[in-house]
Structure formats: structure tokens, C-alpha cells
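Here are some short questions and answers for a first look at this structure. Keep the sequence and the 3D view open as you read.

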Amino acid sequence: MKELGVGANLIIQRCKTIKNPFTVYLKESFGLRSLGTIHKNKLKGCTLEDDHALLREGRGSYDYRVDNGAEVAVVKWVNNKPVTLASSCVAVSPFKKVRCFSREERRRVGVPCPNIVSQYIVHMGAVDLADMIVALYHTPANFLR
């Protein structure tokens with residue numbers, strides 16, 4: 001993938017060799033704690049409740065698994081649709097309420113969420129801001145090609 005550049009291609013090649021989920025790899029190899037979304041197909045050996053079952057339970061429902069050996073928590077939580085998160089720094093408790101718009105009630109309602117979700121929401125704003133700044137002040141990196 002030449003259009004991505006040398007740096008991005010190196011990262012992609014390196015990630016292909018990682019056997020564990022990226023969260024475990026970062027912690028074991030570099031001592032870095034992380035928090036982020038994860039695709040279902042990356043959860044080898046970690047079965048969480050089915051999306052449809054969680055959706056039937058309604059907003060705020062969740063399922064989780066913790067690997068104490070690797071010190072990693074994986075949580076699937078439902079707001080409007082299911083999202084799966086993995087973290088080596090936070091887990092499920094304490095619970096908080098996030099304010100989300102309800103179409104049925106036509107107002108914001110409190111939805112219970114695990115700590116991992118509320119921390120993700122807090123820190124995701126910084127990533128969005130960084131992405132916006134990079135987009136605004138994009139400089140070509142032709143010297144890498």
C-alpha cells in the first residue's frame with residue numbers, strides 16, 4: 001500500500017505479527033496501559049453475550065470478561081448499538097450514568113455505563129481534537145516515499 005507511506009506500512013506489517021490483542025501487546029512489551037474499541041474477531045477465546053441478547057435487555061446492558069493474568073478487561077456495552085472495548089487500565093466498576101438522547105421520550109435520559117465506557121468517552125474527545133488539528137494543518141510527508 002504505497003499510498004499510505006513508509007511509516008504507516010511499517011506499523012501495518014508490525015501489527016500483522018502480533019498474536020495477542022493490541023492491548024495485551026502494549027502492556028507486555030512496553031508497559032503501556034491502553035483503552036479502546038476492539039473488533040469481535042480479535043477476541044479469540046473471549047466469548048461475550050450475543051449482540052441481539054444485549055439489545056433485547058435495552059440501553060445500559062453489558063457483559064464483560066477479565067483476564068487477571070494479562071490484566072485486561074473486555075466489555076460489551078449497549079447504548080443505541082453494542083460497542084466492545086478492551087482496557088489494561090480500567091474495568092467495569094464504578095458505574096456512572098451518561099446522558100443520552102432518547103427518541104421515545106424526546107429528551108436526554110441517564111443511561112448506566114461501566115467505568116471503561118465513561119473513561120473512553122472522556123478520552124475520545126482528545127483523539128477527535130488531535131484528528132481535527134491534523135486535518136486542518138496537514139503537511140505533506142513526501143520525504144518518506
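Q: How many residues does the largest nonpolar core have?
A: This is a predicted model. Its largest nonpolar core includes Val-75, Trp-77, Leu-85, Val-90 and Val-92. Val-98, Cys-100, Val-109, Val-111, Cys-113, Ile-116 and Val-117 also belong to it. In soluble globular proteins, nonpolar side chains tend to be buried together. The number of residues in this core is 12.

Q: Which element gives the most residues to this core?
A: Strand S3 (72-78), S5, strand S6 (107-113) and helix H4 (115-136) each supply at least two of the residues. One of them contributes 3 residues, and nothing gives more. That element is S6.

Q: Which valines is Trp-77 in contact with, leaving aside its neighbours within four places in sequence?
A: Trp-77 is a member of the largest nonpolar core. Its contacts, sequence neighbours within four places aside, include Gly-60, Ser-61, Tyr-62 and several prolines, among them Pro-82 and Pro-112. The valines in contact with Trp-77 are Val-83, Val-98, Val-111 and Val-117.

Q: How many residues are in the second, separate core?
A: This core is separate from the one that holds Trp-77. Its members include Val-24, Cys-46, Leu-48 and Val-74. The count is 9 residues.

Q: Is the aromatic pair of Tyr-62 and Tyr-64 stacked or edge-to-face?
A: The structure holds 2 aromatic pairs. In the pair of Tyr-62 and Tyr-64, the ring centres are 6.0 Å apart and the planes meet at 25°. Planes under 30 degrees apart count as stacked. The pair is therefore stacked.

Q: Why is the pair of Tyr-62 and Phe-95 called tilted?
A: The ring centres of Tyr-62 and Phe-95 are 5.2 Å apart. Planes under 30 degrees apart would be stacked, and planes over 60 would be edge-to-face. The pair is tilted because its planes are at 50°.

Q: How many residues apart are Tyr-62 and Phe-95?
A: Tyr-62 sits in strand S2 (residues 62-67). Phe-95 is in the loop between strand S4 (82-87) and strand S5 (96-102). The pair links distant parts of the chain, 33 residues apart.

Q: Are Tyr-62, Tyr-64 and Phe-95 buried or partly exposed?
A: Together, Tyr-62, Tyr-64 and Phe-95 form one aromatic cluster. Buried would need under 20% relative accessible area. Tyr-62 has 28%, Tyr-64 has 38% and Phe-95 has 40%. The three are partly exposed.

Q: What accessible area does the nonpolar patch on the surface have?
A: The patch is formed by Leu-129, Met-132, Ile-133, Leu-136 and Tyr-137. Tyr-137 lies in the segment after H4 and counts as exposed, at 63% relative accessibility. Together, the patch residues have about 550 Å².

Q: Which peptide bond is cis, with omega near 5°?
A: Most residues other than glycine have a negative phi, and most peptide bonds are trans. The cis bond leads into Pro-94, which is placed in the loop between S4 and S5. The bond runs from Ser-93 to Pro-94.

Q: What is the phi of Glu-71?
A: Glu-71 is in the loop between S2 and S3. Its relative accessible area is 42%, so Glu-71 is partly exposed. Phi is positive here, in a residue other than glycine, and is near 55°.

Q: Is Arg-106 buried or exposed?
A: Arg-106 lies in the loop between S5 and S6. Its phi is positive, near 55°. Relative accessibility is 71%, so Arg-106 counts as exposed.

Terms used:
Residues numbered from 1 in each chain as written. Predicted model: local features only at pLDDT ≥ 70, side-chain atom pairs only at ≥ 80, totals over all residues. Heavy atoms only, no water. Phe/Tyr/Trp six-rings, centres within 6.5 Å; stacked < 30°, edge-to-face > 60°. Buried < 20%, exposed > 50% of the residue type's maximum accessible area, 1.4 Å probe, protein only. Helix = DSSP H or I, 4+ residues; strand = E, 2+ residues; numbered from the N terminus. Core = buried A, V, L, I, M, F, W, Y, C linked by side-chain atoms within 4.5 Å. Contact = heavy atoms within 4.5 Å. Patch = residues over 30% accessible without salt bridge, like charges linked within 9 Å, V, L, I, M, F, W, Y side chains within 5 Å. Areas by Shrake-Rupley, 256 points an atom, 1.4 Å probe, with all protein chains shown as cover. Salt bridge = Lys/Arg side-chain N within 4 Å of Asp/Glu carboxyl O.
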